[in-house]
Amino acid sequence: MCCLADSLKKLAHSEFDKAFFKENRCNIQIANLNVLCRTSALATALCLLLALASLVIPPLLPLMPLYFIFCGMFGLIFIISNTLAYRVPAFILPLFYVFLFAAFVYSTILGIVNTPNGTATTFMVVLVIIPLLILDRPWHTNLFVMLTGLAFCIFTYIFKAINFAMVDMINCVSFMLLSMFINHLITNIKLRDISNQRLLVIQRDTDSLTMLPNRRKLYETLAASESGACAPITGVIMVDIDYFKLYNDSYGHQAGDDCLRLLGKRFAIFAKANSLSIFRYGGEEFIALSYTHNYEALGAASNELVSSIRTANIPFDAAPKGKITICCGFAYANNCRPQSYETLISMADKALYHAKGNGKDTVAGYLDCID
């Protein structure tokens, strides 16, 4: 419910803290995975082409084993990023750093072996493009750049003539500073883009009145569950505000909107406390999805929700009880055996109208309204 306001606050700041990375971890992982898959595929193809070219170009022949070794390494990273990393997102960032380290080793060897009497151009290029590829907290990336740059300076000092080593070390320090500057700019641009995209998604999927997820988000969640992209839904609770049309007629639509806002806050707090996902279905109807509750637990949660609204004592003089009340109907997938989640919602809806027919301010399960 507070996501929209929190996201707006984030956009007002130029720096992105640890909390921001945690909140947007999924989007950052997806961005890194897409870049890693494409870059590792490109690196594999380039090394393979160079290995094949070394067969017909004599100056490249001594480097043929190097090309084949790193072709295999980059190819393995490509395979892992397209298989295991998809199933275990926590592997994405470490795997990306492994890829960058392999690129560092490759470019260092080329800079020392292939150009012992020249400038290590490949390493300088790798040093600059690192911040363009990976998306991580800036100090992590800067630390990696500094450590790899320091290692390169040590190796070039040991294995190259002092005059060429000095040129490489000066270039390395210059490109390290350039890389860290680029990292600061590019990372903030990327993160602001992710923040903007997340805000647009929140606005698109949030009901502006109650600040609960809307019907579009509900159907998206149902589709994801049916496809296996997220956990299966075990139960549905339908919620309806009793006599809400009469409330609007008695107090006006502005008061009706205020009532919906208040109930939206209470529903969100209740859903969070009971491990439910609640959505505004339309008008005065709401839907709560469960991933863990059985039939009895759904009934208990429904009764608790009805009781909590009753005891809130929201004034409604024209109602029989003089206050706002709600009805709930629920259905459990294992007992009701629906053909789809839409059918499960229809079963919960049937239970809801059974509850409304029993005097409102009450609860009914699908099994209660079948013969």
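The legends below describe close-up views of a predicted model.

**View 1. The largest nonpolar core and the helices that supply it.** This core has 38 residues, and those with the most contacts inside it are Phe99, Leu100, Phe123 and Cys172. At least two residues of the core come from each of α3 (25–53), α4 (64–82), α6 (92–114), α7 (121–133), α8 (138–159) and α9 (162–205), and α6 gives the most, with 10 residues. Leaving aside residues up to four places away in sequence, Cys172 touches Phe123, Met124, Leu127, Gly149, Phe152 and Cys153. A second core, separate from this one, has 33 residues, among them Leu263, Ile278, Val306 and Phe316.

**View 2. The surroundings of Asn188 in helix α9.** Asn188 has a relative accessibility of 14% and therefore counts as buried, the cut-off for this class being under 20%. Although Asn188 and Leu135 are 53 residues apart in sequence, their C-alpha atoms are 9.7 Å apart in space.

**View 3. The open sheet of five strands.** The strands follow the order β2-β3-β1-β4-β5, and their pairing is mixed. Because β2 (276–282) and β5 (363–365) stand at the edges with a single partner strand each, one side of each is left without a neighbour in the sheet. From one strand to the next, the twist averages 20°.

**View 4. The pairing of β1 with β4, and the helix packed on the sheet.** Strand β1 (residues 235–241) pairs with strand β4 (residues 326–332) in the antiparallel sense, over seven bridges; within this pairing, Val239 has Cys328 of β4 as its bridge partner. Helix α15 (residues 341–357) packs on the sheet and touches β1, β2, β3 (285–290), β4 and β5, while the direction of α15 makes about 140° with that of β4.

**View 5. The contact between helices α11 and α12.** Two packed helices are described by the angle between their axes and the distance between the axes. For helix α11 (residues 244–251) and helix α12 (residues 253–273), the axes come within 6 Å and cross at roughly 130°, and the two helices are therefore oblique to each other. On the α11 side the contact is made by Phe244, Tyr247, Asn248 and Tyr251, and on the α12 side by His253, Ala255, Gly256, Cys259 and Leu260. Sorted by type, the residues of this contact comprise six nonpolar, three polar and no charged.

Notes:
Residues are numbered from 1 along each chain as its sequence is written. This is a predicted model: local features need pLDDT of at least 70, side-chain atom pairs count only at pLDDT 80 or more; totals for chains, interfaces and linings use all residues. Side-chain values use heavy atoms; hydrogens and water are left out. A nonpolar core is a set of buried Ala, Val, Leu, Ile, Met, Phe, Trp, Tyr and Cys residues joined through side-chain atoms within 4.5 Å. Buried means under 20% relative accessible area, exposed over 50%, partly exposed in between (1.4 Å probe, protein chains only). Helices (H or I, at least four residues) and strands (E, at least two) are DSSP runs, numbered from the N terminus. Contact means heavy atoms within 4.5 Å. Two strands pair if DSSP finds at least two bridges between them. Axes are lines fitted to C-alpha atoms, for helices over the stretch in contact, and angles run from 0 to 180 degrees between N-to-C directions. Angles under 35 degrees count as roughly parallel, over 145 as roughly antiparallel, 65 to 115 as roughly perpendicular and the rest as oblique. Ala, Val, Leu, Ile, Met, Phe, Trp, Tyr, Cys and Pro count as nonpolar, Asp, Glu, Lys and Arg as charged, and the others, Gly among them, as polar.
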